[in-house]
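Reader: Could you pick one part of this model and take me through it up close? Once that's clear, keep going into the rest, and keep it informal, as if we were chatting at the bench.

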Amino acid sequence: MIGCPPRAQLSDLILGTLTGEAADSVTLHVGSCTECQSSLQTIASGEIPVEKLVSDSIDIQPQSDSAYWNVIGSAGVSANPVAAKNPSDIHDPDLRVTKGIDQSKIGTDAMFGAAVQDGELSFLSPSDDPDSLGKLQHFEISRIIGRGGMGVVLDAFDTHLHRRVAIKVLNPRFQQDEIARQRFCREGRAAAAISHEHVVPMYQVARLEEEQIAYLVMQLIKGQTLEERLKETSPLPPQEVARIGMQIAAGLSAAHASGMVHRDIKPANVLIEADTERVKLTDFGLARVTDEVKLTQTGILTGTVLYMSPEQALGQETDDRSDLFSLGAVMYEMATGIAPFEAPTAVGVMKRIMDEKPPSPRKVNPQVGKPLSDLIMSLISKSPDKRPDSAAPVARALASIVSEHGPISPLQVPAVASSEVRKLSGSHSANGRRWSFSGWLAAGVMAALLAASALGGGWAWINGDGRTSRSNVTNGVSVELKDADNRKTDVTAQFPSVVLKGNPGTVWSVDFAPAGKSIVAGIEDGSVRVWDLASQKLQKSFSAHRGIVWIVRFHPTRNLVATAGDDGLVKLWDSKTFELKQEWQADNSVRGISFSPDGNTLLAGDRAGKLHFYDLETGAEFETILQSGSVMGLNYSPDGKSFATVGSDKIVRVFDAETFDQRQAFSGHEGPIYNVAFAPKGSLLASVGWNKQIMIWNVETGEKVMQLEGAEGDNWGVQFCGFGTHLVTGGMDGAARLWDVSTGTNTATLRGHSAAVHNIALDPNTHSIATSSRDGTIRIWDMSALDDKTKKPTK
């Protein structure tokens, strides 16, 4: 060959379309031409060296005398085809092209510690703890969890906050590289900017100045990666594919709303919590702010090849839809047991990503339903324009599919801000046909969520005839009022709400102080927050539990507040100083607590179905009761003679508070029951749960009084008003509803939250309702527009 081959021939060589003598001639030339080697590198992968792509073959390598090894030798790397066949010799986990090899299992607790390499932890200072590898500032390091492309991940104990954390330390070989340090710090800032239950929380971005060591502190997740799950079971059941995909999409929606693209969605970056099966996304080391390209410029190949979008493989600019392609590739593997674009080499994988369409999941695995199969195929469309517009509607569509397999618990339903949801009227091409996302949402409990979507600039509701109506909006909320005949009234009273923002994640529980001057909230990240209502300012924020704080309750007469969390701990705090006074360890995560009216007992119910009774004077646990199913809610009757429990077994139980004998067992709920509340006087008891169900029972007669109709999804919070004439419920559509107990009619609907309302609290002293939501806010609703006793709109 005379001179260098044209660029087109080099491109054909990369794609495998150059054959015969031409291929042999060009390959021989490339082996001795550094200029062509550089061109090959640019064509194939932007700025990733060609030897990375060529040598990452696992099962099939070129023959030992192949011209490929000449190329690698000329590129200045070790040309050892025999050694390269051993997967353990490939040290860059981010570029491996087959399953089951990636070792960057960031933040998981199921792994045993990795061996410490020479000098790897030289930055640690000595520790007095014999079980510690050393100290990094105030963190005691117990083991190495794993290694990623940018650093090593450590299991550590935070001696200041007394909790275990994961610490990712930038690889020492990058510490002196300014670009690497910038990019590493960007990882921390990117992750810390996202507050969502399906994203691993980032606690701190820090630097050890004397050693020039940068590190990130994040939540330590007990569980396993999706990659590990797929090693155990593959393919996964279709409902699990939809559930896991739904929660990944919800986490992506939160990231995308912050202007970030993950760029490396893969099974190893999807963590599954051991107890809850909740999915969390990790390793935002490849995420970047979409409007800034100083560090990740067009042409740099980032991401794991097996799950990479076509535009990413070509080194082109990427947006949210690139993550959706990767999500689709991961879901395809979950559904079928194989990655959609598997090939022996990275170049082969890239070629298949760009040129080939895999068979639908339904053809590979007949157990996969058509809606799920079609969605996956839409996600892995070659053109970004043929993929869904954003992650939010994907999460909602998957929730609809999940609901077809049975009830959805609060832990399963993703938090996706309604303001992010676009109209799902656009159709997408799949298998040569036109179809619409809205078709998936016709069935299942998640269809009601669309009723609460933000349309245009205001909030909307859906009329009984299916038409969308609007109201005048005050402070970003609207209220629908109805009379006793379920007709809209002419009254246009507004119920303004104060919004307490800035909470770091879902607000799972809220409660008014007895004096009504402050409010306490339990947050997803394990913190408890106290707000002053007069100034609307945060008074106190402190770390209370490891994991979610499920519930918070003020003591009725003493300066005490109780909290319970996912860590199985029940804690008692001084409500003025918030010093810890007492703590108890339950058998499992605690979802419900209630003080007895006399103030002497604290009742707690855990996920294992056990009820715990604690004496507040002695601190002793003096009684336990085991019932079937998880306990999700409980409540003492106002007279203290009874208490009620509800949970996953669909039964409302009423017990005698003195003898602990079960007095009643009400059946009628079709799925899990999430909460229960006694009326302030009389014999009524309300329970709320799955599939729009709200029941009112008479504990004296043992009969169901009524079932309330008109909710738009699962109901998670319930309280009676102080007079017992009205019931307030909160549900997954982001609304709180006021119900007339005498007629069973919905008299008012309060909208303003952009995600599910989980908890309801009533101020005993004023006309105020507090709602806590998955959107990370608390709203305090002024209900003074209603008459005190009748709770009807004032004229």
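**A small sheet, then the rest**

Author: Let's start with one pair: G633 has V646 in strand 31 as its bridge partner. Before going further, keep in mind that this is a predicted model, where local features need pLDDT of at least 70, side-chain atom pairs count only at pLDDT 80 or more, and totals for chains, interfaces and linings use all residues. Numbering starts from 1 along each chain as its sequence is written, and side-chain values use heavy atoms, with hydrogens and water left out.

Strand 31 covers residues 642–647 and runs antiparallel to strand 30, with five bridges joining the two. Strands here are DSSP runs (E, at least two residues) and helices are too (H or I, at least four), numbered from the N terminus; two strands pair if DSSP finds at least two bridges between them. In general, strands of a sheet pair through backbone hydrogen bonds, either parallel or antiparallel. The whole thing is an open sheet of four strands in the order 30-31-32-33, paired antiparallel. Strand 30 (631–636) and strand 33 (662–667) are the edges with a single partner strand each, so one side of each has no neighbour in the sheet.

Now on to strand 9, residues 270–273, where V270 and I272 point one way, L271 and E273 point the other way, and all of them are buried. Buried means under 20% relative accessible area, while exposed is over 50% and partly exposed is in between (1.4 Å probe, protein chains only). Strand 9 has antiparallel company in strand 7 (residues 223–225), joined to it by three bridges, with Q224 partnered by I272. It also pairs antiparallel with strand 10 (residues 279–281), again over three bridges, and there I272 stands opposite V279. The hairpin of strands 9 and 10 has five residues between the strands, and in it E277 takes a positive phi near 65 degrees.

E277 turns up again in a network of salt bridges, linked with R229, E240 and R243. A salt bridge here is a side-chain nitrogen of Lys or Arg within 4 Å of a carboxyl oxygen of Asp or Glu. E273 of strand 9 has one as well, with R278, at 2.3 Å between the closest N and O atoms, and both residues are buried.

By that rule the count comes to 23 salt bridges. One of them joins R774 to E197, with the closest N and O atoms 2.4 Å apart. R774 sits in the loop between strand 43 (768–773) and strand 44 (778–782), and E197 in the loop between helix 7 (178–192) and strand 5 (202–208), so the pair ties together parts 577 residues apart in sequence. Both partners are buried. Another is D733 with R751, at 3.6 Å from N to O. D733 is in the loop between strand 39 (726–731) and strand 40 (735–740) and R751 is in strand 41 (residues 745–751), so here the tied parts are 18 residues apart. D733 is buried at 3% relative accessible area, and R751 counts as buried at 4%.

Last stop, the hydrophobic packing. The largest nonpolar core (buried Ala, Val, Leu, Ile, Met, Phe, Trp, Tyr and Cys residues joined through side-chain atoms within 4.5 Å) has 50 residues, and L226, L327, M331, M334, L372 and L398 have the most contacts inside it. Strands 9 and 10 are among the elements that each supply at least two residues, including also helix 8 (226–232) and helix 12. Helix 11 gives the most, with nine residues. L327 touches G245, I248, A249, L252, I265, L379 and V394, leaving aside residues up to four places away in sequence; touching means heavy atoms within 4.5 Å. Apart from this core lies another, of 18 residues, with L124, L136, L154 and Y215 among them.

Helix 12 (residues 346–355) has A346, V347, V349, M350 and I353 buried. They cover an arc of only 160 degrees around the axis, which puts them on the same side of helix 12; the arc is that of the directions from the helix axis to the C-beta atoms.
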